[in-house]
Amino acid sequence: MLKLSSVFSDWMLLQRDTADNLVWGFSDKNSNVKVAIIDSGTGDKIFEADTESDKDGYFEVSLDSFEAGGDYKLIVSSGLENFTYNHIAFGDIFICGGQSNMELPLNRTLERYEEELKEVDDKNIRFFHVPEKYNFHHTEDMIESGKWEYAKCPQLLDFGALAFFTAAELRKREDVPIGIYNTSIGGTPIKSWISEETMRTLGLHLDEFLECQNDEYVSETIERELKEDSEWRETADKAFDLPLDACPKGTVNMPGFFEDIPELEGKVMAIYMHKDVEIPESFVNQDCKLYLGALIDSDKTYLNGQLVGETGYLYPPRIYRLSPGTLKAGINHIDIRLLVFRDQGGFMPGMNYKIKASDGQEVSLEGKWAYEIVKDMPYLPNLTFFSYKATGVYNGMIYPLRKQKNRGILFYQGESNVDDYKTYKEEFEACINDWRRLWNTPELPFIFVQIASWCEGRREFGDKRAYLTEEQRKCTELPKTAMIQAYDLGEYNDLHPTNKKELGRRMALAVEDLVYGKCNYIPGPEAIEIKWGAFREDEGNIVVEVLFSEDLILSHGLGVIVDDKRDEENIRGFYYIKDGKRFDAEAKLIGSDKVLVKIPDTAEALSYAWSDSCLEANLYSKDILPVVPFYASRGSNL
């Protein structure tokens, strides 16, 4: 019996310049195991070692130190069994973790990067996607499935977008192969990624963890909820086949939320939406795309009676490809079978609703849509995702990687902790220390992303996310950590912004500092001094002087949007607070690192980019890094 973790596969990348790489696994107890590395080009054997497995069958062999590069065969044999792994190379390895914005695959970014990605063919960028697995009883020894892939379409499209763009930037800067283990799972809170020992020390989530140790409870919950969810959807789907004559009818505007329509407000339902659209003859023989923004919650979309796309939940933007001949010249009929699971349904504002031909012609789908409510439905609760529970995926996905040498951690998580930000710093620092202990590297570089702007498609002010991002910033008090700002790269109506290439550039800059020691990374200019009432502007107003840590520039067009227009002339993002409400503050740049802000004498506080969605903020460093958000009460000096 010879068994190795799935991390050993064709195209595996191992950490360069270290004698600590292990080839390990299980064989028959007290059996002889041989490990060899052969140069694929010459056939020369360049490494060979023998070892004996212990009484439990475990064996390990330390490899010699190898320089970056190579095309090798790794052969592991015991008795009559042997495994041969081809195209093994050495480079720099990084562990990626977090939730959906780290997991988000490149195929969700094709509107932005499709042509660029078609050209990628690089065997020196390699990825291993760690399969989702949780365990509430014990840590797992090895990864049971998965394989290494290199960067080439179409397999490239399943890679995490941020991980890929970070790897590509590092590959360009360092000229060494880059390997990524991606462990991220959408929706996971920070408690999922900490050890049982740490969780017990913190005294947090223990009741939840103990409950999840009851296998019967876990399996019964999964089975029951999946059955309820399936039955709910089946009942709703069948309603669309019933006569529509007696259904409540009306019209809605696309885009817009149903909460603005009394007949639809707060309804959980199956609702049929339809519209006739006139299509020019020039569209008929082209590849086209049908854009339906983001529909809340689930849709099946038909064009002239033909199913052209479906999405089972809220978040993904609906972009359905139409092959030549799907459209016809003249009137085309679009039907949407929409399911609203809970709270409010609708068409997410600020997104694309159109049909676009490959030659660039467009037909708008905005405006009036007819509807029929085919069935009122009971509220559909969210499923219980046990990967979200305390410690489970640490045991099942992080611990099994402990023997894989790497240069650092790249992390993007926090969206699921917005409502309980008060314990986030404590839990996230515990997570960082857990992972460093696991790899026995007290100052293993840990580089993490500050969550991006998002306000559920609504423009009204909210600041819950700002408090969470501030707790994230405080975690840089730990040594060898760096925070990557992303608030300016967010989208107010999409939890999963697609500008991951710029985010990858910023992350690579931090790696250049913490891993390679080639620069001094800072997340962006910080306000370091505030002088309240530097002078009185006029009756009832004062001027506040804000000094920053480095030179500033105004805007660069990444995410500076105010009322759907870019403001490239005026400083935006400063606000004053009065009577608990937020108001725009007029500001101007004087000198290279100082801003004067005009506010009422009665203002209670001053802030910059301190909100759920602060895309209007437009001050940057000369390296195109955004100013760090702050909130300062009247009279305070940060």
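Partly exposed means a relative accessible area between the buried limit, under 20%, and the exposed limit, over 50%. The model used throughout is predicted.

**Exercise 1. Strand E9 and its partners**

Task: Determine which strands pair with E9, and in which sense each one runs.

Solution:
- Start with E10, residues 148–152. E9, residues 121–129, runs antiparallel to E10. The two are joined by 5 bridges.
- Pick out a residue pair. Aspartate 122 has alanine 151 of E10 as its bridge partner.
- Turn to E11, residues 178–182. Here the pairing with E9 is parallel, again over 5 bridges.
- Pick out a residue pair here too. Asparagine 182 in E11 stands opposite histidine 129.

**Exercise 2. A salt bridge within a helix**

Task: Find the salt-bridge partner of arginine 200, then classify both residues by accessibility.

Solution:
- The partner is glutamate 196, with 2.9 Å between the closest N and O atoms.
- Locate the pair. Both residues belong to helix H4, residues 196–202. They are 4 residues apart, so about one helical turn separates them.
- Classify arginine 200. Its relative accessibility is 42%, so it counts as partly exposed.
- Classify glutamate 196. Its relative accessibility is 25%, so it is partly exposed as well.

**Exercise 3. Glutamate 140 and lysine 133**

Task: State the N to O distance of this salt bridge, and decide whether each residue is buried, partly exposed or exposed.

Solution:
- The side chains meet at 3.4 Å, N to O. The cut-off is 4 Å, so the pair qualifies.
- Glutamate 140 has 11% relative accessibility. Buried means under 20%, so this residue is buried.
- Lysine 133 has a relative accessible area of 33%, which makes it partly exposed.

**Exercise 4. A link across the sequence**

Task: Explain what the salt bridge between aspartate 551 and lysine 622 ties together.

Solution:
- Begin with the contact. The two side chains meet at 3.6 Å, N to O.
- Place aspartate 551. It lies in the loop between strand E29 (541–548) and strand E30 (553–554).
- Place lysine 622. It lies in the loop between strand E36 (619–620) and strand E37 (630–633).
- Conclude. The pair ties together parts that are 71 residues apart in sequence.
- Add the accessibility. Aspartate 551 is partly exposed at 30%, while lysine 622 is exposed at 58%.

**Exercise 5. Beyond single pairs**

Task: Give the number of salt bridges in the structure and name the members of a network.

Solution:
- The structure holds 46 salt bridges.
- Arg16, Asp17, Asp92 and Arg407 form one network, joined by salt bridges that share partners.

Note on methods: Residues numbered from 1 in each chain as written. Predicted model: local features only at pLDDT ≥ 70, side-chain atom pairs only at ≥ 80, totals over all residues. Heavy atoms only, no water. Pairing = 2+ DSSP bridges. Buried < 20%, exposed > 50% of the residue type's maximum accessible area, 1.4 Å probe, protein only.
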